[in-house]
Amino acid sequence: MNQERVMELVRELLRELGEDPDRDGLRKTPERVAKSWAFLTSGYRADPHTVINEAVFEAHTNNMILLRNIEVYSLCEHHMLPFYGRCHIGYISRDKVLGVSKLARIVDIYARRLQIQERLTALIAADIRKAINAEGVGVVMECRHFCMMMRGVEKQNSVMTTSSVLGSFHNDAATRAEFMSLLRTPAPP
Ligand code: ZN
């Protein structure tokens, strides 16, 4: 990402919005915005497969592994406005498991790109399944979208839920039910 070029574009945008990019409060804004966008879109410059591959461990378990309440901050590709919320990941391994912090890293890499929540959910599930040849994977995401809250229909309290279930989470109703009931278990204080 060419920071100078982005700064130029932000200056132009400010002018077009009716602002004076040279007034005191805005003088450093193009630089701040460029830095901020570099971080918020850093997922384009990170490779989820490298991250995953360095965190795959041998483990012969056939139990469900669940990580709940992973914070998600992303940007909708339709309005470039934030959406944020939580992601819950469950999987049943065959002979490999993933380092727990890497599950959160995978979420961040895909979230720091322009997204729609449906695709973000599906990408995370598909990558985890592929990386460890999991018997099944389930990902549930609950987010609030600023493009609905601040503009358009201005609905502040609606939460969008998306899910992606693969393998046994898709084919086996009992497995899916176990996943859904574990998601509802109260978290420790
Ligand atoms: Zn949107």
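Which residues are exposed on the other side of helix 8? In this predicted model, they are Ala173, Ala174 and Arg184. Before the rest of helix 8 is described, a look at the whole chain helps to set the scene.

The chain contains eight helices and seven strands. Along the principal axes, its C-alpha atoms fill a box of roughly 60 × 40 × 30 Å. There are 189 residues, and 37% of them count as buried. Contacts in the chain often link distant parts of the sequence: among those between residues at least 6 apart, 69% join residues at least 24 apart.

Helix 8 covers residues 173–184, 12 residues in total. From first C-alpha to last, helix 8 reaches 17 Å, close to the 16 Å expected at 1.5 Å a residue. Its buried residues are Thr175, Phe179 and Leu183. Viewed down the helix axis, these buried residues fall within an arc of 80 degrees, so they line one face of helix 8. What does this face pack against? The partners of the buried residues are strand 2 (64–76), strand 3 (82–92), strand 6 (136–145) and helix 7 (168–171).

Helix 7 is also the place of Ser168. Is Ser168 buried or exposed? With a relative accessible area of 11%, Ser168 is buried, because this value is under the 20% cut-off. Apart from residues up to four places away in sequence, Ser168 touches Ile92, Glu135, Gly136 and Thr175. One of these, Thr175, belongs to the buried set of helix 8.

Another of the residues touched by Ser168 is Glu135, found in the loop between helix 5 (117–132) and strand 6. Glu135 counts as partly exposed, at 25% relative accessibility. With neighbours within four places in sequence left aside, Glu135 is in contact with Asn62, Ile92, Ser93, Arg94, Arg129, Gly167 and Ser168. Ile92 thus appears among the contacts of Glu135 and also among those of Ser168. Glu135 and Leu166 are 31 residues apart along the chain, and their C-alpha atoms are separated by 8.4 Å.

Attention now turns to helix 4, which runs over residues 100–111. Helix 4 has 12 residues and spans 17 Å between its first and last C-alpha, close to the 16 Å expected at 1.5 Å a residue. Which residues of helix 4 are buried? They are Leu103, Ile106, Val107, Ile109, Tyr110 and Ala111. The elements covering these buried residues include helix 3, strand 2, strand 3, strand 4 (96–98), strand 5 (114–115) and helix 5.

A residue of helix 3 (48–53) comes into this part of the picture: His49. His49 touches Tyr110 and Asp127, not counting residues up to four places away in sequence, and Tyr110 is one of the buried residues of helix 4. His49 itself is partly exposed, with a relative accessible area of 36%. In sequence, His49 and Ala131 are 82 residues apart, while in space they are 7.8 Å apart, C-alpha to C-alpha.

The largest pocket holds about 320 Å³ of space. Which residues line this pocket? The lining is made of Val6, Leu9, Val10, Leu13, Val33, Ser36, Trp37, Leu40 and Met80. Helix 1 (3–16) and helix 2 (29–40) each supply at least two of the lining residues. By type, the lining divides into eight nonpolar residues, one polar residue and no charged ones.

Met80, one of the lining residues, lies in the loop between strand 2 and strand 3. Its relative accessible area of 44% makes Met80 partly exposed. The backbone of Met80 also deserves a look. Most residues other than glycine have a negative phi. Met80 is not a glycine, yet has a positive phi of about 55 degrees. Asn69 likewise has a positive phi, near 60 degrees, and is a residue other than glycine. Where does Asn69 lie? Its place is in strand 2, and with a relative accessible area of 34%, Asn69 is partly exposed.

Note on methods
Residues are numbered from 1 along each chain as its sequence is written. This is a predicted model: local features need pLDDT of at least 70, side-chain atom pairs count only at pLDDT 80 or more; totals for chains, interfaces and linings use all residues. Side-chain values use heavy atoms; hydrogens and water are left out. On a 1 Å grid over the protein atoms alone, a cavity is a set of points where a 1.4 Å probe fits but cannot get out, and a pocket is an open set with protein on both sides within 12 Å along at least five of seven lines; lining residues have an atom within 4 Å of a point. Grid points are joined across faces, edges and corners, and a volume is the space filled by probe spheres set on the points. Helices (H or I, at least four residues) and strands (E, at least two) are DSSP runs, numbered from the N terminus. Ala, Val, Leu, Ile, Met, Phe, Trp, Tyr, Cys and Pro count as nonpolar, Asp, Glu, Lys and Arg as charged, and the others, Gly among them, as polar. The expected span of a helix is 1.5 Å times one less than its number of residues. Buried means under 20% relative accessible area, exposed over 50%, partly exposed in between (1.4 Å probe, protein chains only). The arc is that of the directions from the helix axis to the C-beta atoms. Contact means heavy atoms within 4.5 Å.
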